[in-house]
Amino acid sequence: MDTKTHTERTFIKRFMFSMFLFLVLIAVQTFTIELLDMPSSMVVFVTLLPILPLIWAFFVYRARFRALDEYMQRLTSEALLWSLGLVCLLSFAYGMLAMKFPMPDISFAFITPAAFGSHGLILQILLMVNNSEE
Amino acid sequence: MKVLRAERDWSQEQLANHLGVSRQAINAIERGKHDPSLQLAFSIAEIFGLTIEGVFQTGDVSGK
């Protein structure tokens, strides 16, 4: 369907552009902090700069979710539930272990890619299972 | 619903395009894996020129 394809194309274009912006801002962040001597307020600003395209990507994804039909929304929500459960339980298990044993340091920054990455992966698995049942 | 679709010689993809939903949604409804919303059920009935009761039966969400 033309409108659906258009929606999907718009989503892919915007999402990929937000990821591109994210990578550019990561580079800007790294080089700026490395090469320039800035006051700490500027360092905080530059450090948090890559979050902006991620916020945009979130709204782009939300717009796509709203454009999905009810069944695809259901599958996407189920994938989100799975990823939420996985990330929460794993981080909780890590936290519990860290209280008792010395554990390797894992940055909080990895939680976002873990959550979104597992969401995308689980959604593909759900779609694959759905298609195999046909 | 599968029978009604077959009578019109429509593929799941074609019916999905008519209704503005994904092919997966049509497939899930036909297999009884998904209960369509009232709005979608009305659209499905309308496209087949029937009432909702004509397409779906109580306790049989997969339709005819």
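## The shared core

Which residues touch the most other members of the largest nonpolar core? Of its 17 residues, that role falls to A:Tyr71, B:Ala16, B:Val21, B:Ala25, B:Ile26 and B:Ile29. Keep in mind as you look around that this is a predicted model.

The core draws on both chains: α4 of chain A supplies at least two residues, and so does each of α2 (12-19), α3 and α4 (38-47) of chain B. B:Val21 is a good residue to click on. Setting aside neighbours within four places in sequence, B:Val21 is in contact with A:Asp69 and A:Tyr71 in chain A, and with B:Ala16, B:Ile26 and B:Leu40 in chain B.

## Chain A by itself

Chain A has five helices and zero strands, so read from the N terminus its elements run α-α-α-α-α. Its C-alpha trace spans about 60 × 45 × 20 Å along the principal axes. The radius of gyration of chain A is 19 Å, whereas a compact globule of 134 residues would have one near 14 Å.

Burial tells you something further about this chain: 7% of the 134 residues of chain A count as buried. Now take the contacts in chain A with a separation of 6 or more. Residues 24 or more positions apart account for 73% of them.

## Where the chains meet

Eleven residues of chain B are in contact with eight residues of chain A. On the chain B side, α3(B) gives the largest share, with four residues. That side of chain B divides into four nonpolar, seven polar and no charged residues.

One place to look is where helix α4 (residues 70-100) of chain A meets helix α3 (residues 23-30) of chain B. Their axes come within 8 Å and cross at roughly 90°, which means that α4(A) is roughly perpendicular to α3(B). From α4(A), the contact uses A:Glu70, A:Tyr71 and A:Met72, and from α3(B) it uses B:Gln24, B:Ala25 and B:Ala28. By class, the residues of this contact are four nonpolar, one polar and one charged.

Just before that helix sits A:Asp69, in the loop between α3 (51-67) and α4 of chain A. Is A:Asp69 exposed or partly exposed? A:Asp69 counts as partly exposed because 19 other C-beta atoms lie within 10 Å, while 20 or more would make a residue buried. Not counting residues up to four places away in sequence, A:Asp69 touches B:Val21, B:Ser22 and B:Ala25.

## Helix packing within chain B

At what angle do α2(B) and α3(B) pack? The angle is about 110°, with the axes 8 Å apart, so α2(B) is roughly perpendicular to α3(B). On one side of the contact are B:Gln12, B:Glu13, B:Leu15 and B:Ala16 of α2(B), and on the other are B:Arg23, B:Ala25, B:Ile26 and B:Asn27 of α3(B). The contact of α2(B) with α3(B) has four nonpolar, two polar and two charged residues.

B:Ala25 is worth a second look. B:Ala25 takes part in the contact with α2(B), and B:Ala25 is also in the contact between α4(A) and α3(B).

## A backbone detail at B:Asp9

Most residues other than glycine have a negative phi. B:Asp9 has a positive phi of about 60° although it is not a glycine. You can find B:Asp9 in the loop between α1 (2-7) and α2 of chain B. B:Asp9 counts as exposed because it has 7 C-beta neighbours inside 10 Å, and the limit for exposed is 12 or fewer.

Terms used
Residues numbered from 1 in each chain as written. Chains lettered and ligands numbered in written order. Predicted model: local features only at pLDDT ≥ 70, side-chain atom pairs only at ≥ 80, totals over all residues. Axes fitted to C-alpha atoms, helices over the stretch in contact; angles between N-to-C directions. Parallel < 35°, antiparallel > 145°, perpendicular 65-115°, else oblique. Contact = placed C-beta atoms within 7 Å. Nonpolar A, V, L, I, M, F, W, Y, C, P; charged D, E, K, R; others polar. Core = buried A, V, L, I, M, F, W, Y, C linked by C-beta atoms within 7 Å. Rg over C-alpha atoms; globule rule 2.2 N^0.38 Å.
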